[in-house]
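User: Please take a close look at the salt bridges of this model, and set out how the charged residues involved are paired and how accessible they are.

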Amino acid sequence: MRKIRKAVFPVAGLGTRFLPATKSIPKEMLTVVDRPVIQYVVDEARQAGIEHLIFVTGRNKGVIEDYFDIQVELVGTLTERGKQAELDLLESLQPRPGASSFTRQQAPLGLGHAVWCARELVGSEPFALLLPDMIMQAERGCLARMVELYEETGGNVISVEECQPSETNKYGIVGRGPDVGTGFRVEGMVEKPAPADAPSNFYISGRYILQPEIFDILATQEKGAGNEIQLTDGMLKLAQMQDFFGYHFTGRTFDCGSKEGFIEANVAFALWRSDIRDKVMGNLQELLDTVEPAGRHRAAE
């Protein structure tokens, strides 16, 4: 069984739901507390033992590459001022030389196409795929648990969470088969089924371990929903040849591609930190007690 060494991060999206902020700042660089969204996802990958980070970028995303580089002037200034704690923090976040790669997705043709764009960098080995909009909060990261399941089963592994049965039409839903190791065998995948037709209420939640054969499938994959090359369509074909297993993640997941999810993530990760938790809790309670929607009084008049 081949080790999971590489992880792909599709970061080419335009972030239109966060305009005007994303007019000049990639959505992946918006900060949750004091670090960008992409850093949380990379931290999860590194905790899982990932050695090589592969970013599929687009136009105006160069700041992501700069972020994962050494800022010589900043390091020099911090050194002169004796800011050792800050220097140690930056060093702990810095990828090793040669351990990060960047490639371009020239056209917005969907997640499946973004994954296919990483084929030359991944090569012929299994890899992890982490959607950067989704950041997860747990003592031990979701991907680390998925790697453990992969080591028990081989094949392909996807993270799943439970939704309300009435909301299956919002997600990609999997059929739950018998338990295997720390997960279960996946018996079918359906994109946004009506509640009456859904095989379960377990939805795919943005973390994958995939075998390299997915690249050959995506190379000839026809466009699907939204006139894009859909990863789910490719996985359905791969599932005809290889096993898929599901890992049920029970921590918290925040969709930072939405405004409400992004705000929730800021609150949750602030409350998770012992250095600012008490002050944040007090400020939040005061805001809940006093802040009213803009224009509320005028509407009442």
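Analyst: In this predicted model, Arg176 is partly exposed, at a relative accessible area of 38%. Its partner in a salt bridge is Asp179, with the closest N and O atoms 2.8 Å apart. Asp179 is exposed, its relative accessibility being 58%. This pair belongs to a total of 16 salt bridges found in a search of the whole structure.

A further salt bridge joins Lys3 to Glu51, where the closest N and O atoms are 2.9 Å apart. Lys3 is located in the segment before S1 and Glu51 in the loop between H1 and S4, so this salt bridge ties together parts 48 residues apart in sequence. Glu51 is partly exposed, with 30% relative accessible area.

Glu125 and Lys6 also form a salt bridge, their closest N and O atoms lying 3.5 Å apart. Because Lys6 belongs to strand S1 and Glu125 to the loop between helix H6 (119–122) and S6, the pair ties together parts that are 119 residues apart in sequence. Both partners fall under the 20% limit for burial: Glu125 is buried at 15% relative accessibility, and Lys6 is buried with a relative accessible area of 9%.

These last two pairs are part of one network of salt bridges, which links Lys3, Arg5, Lys6, Glu51 and Glu125. Within that network, Glu51 is partly exposed, whereas Lys6 and Glu125 are buried.

How values were computed. Residues numbered from 1 in each chain as written. Predicted model: local features only at pLDDT ≥ 70, side-chain atom pairs only at ≥ 80, totals over all residues. Heavy atoms only, no water. Salt bridge = Lys/Arg side-chain N within 4 Å of Asp/Glu carboxyl O. Helix = DSSP H or I, 4+ residues; strand = E, 2+ residues; numbered from the N terminus. Buried < 20%, exposed > 50% of the residue type's maximum accessible area, 1.4 Å probe, protein only.
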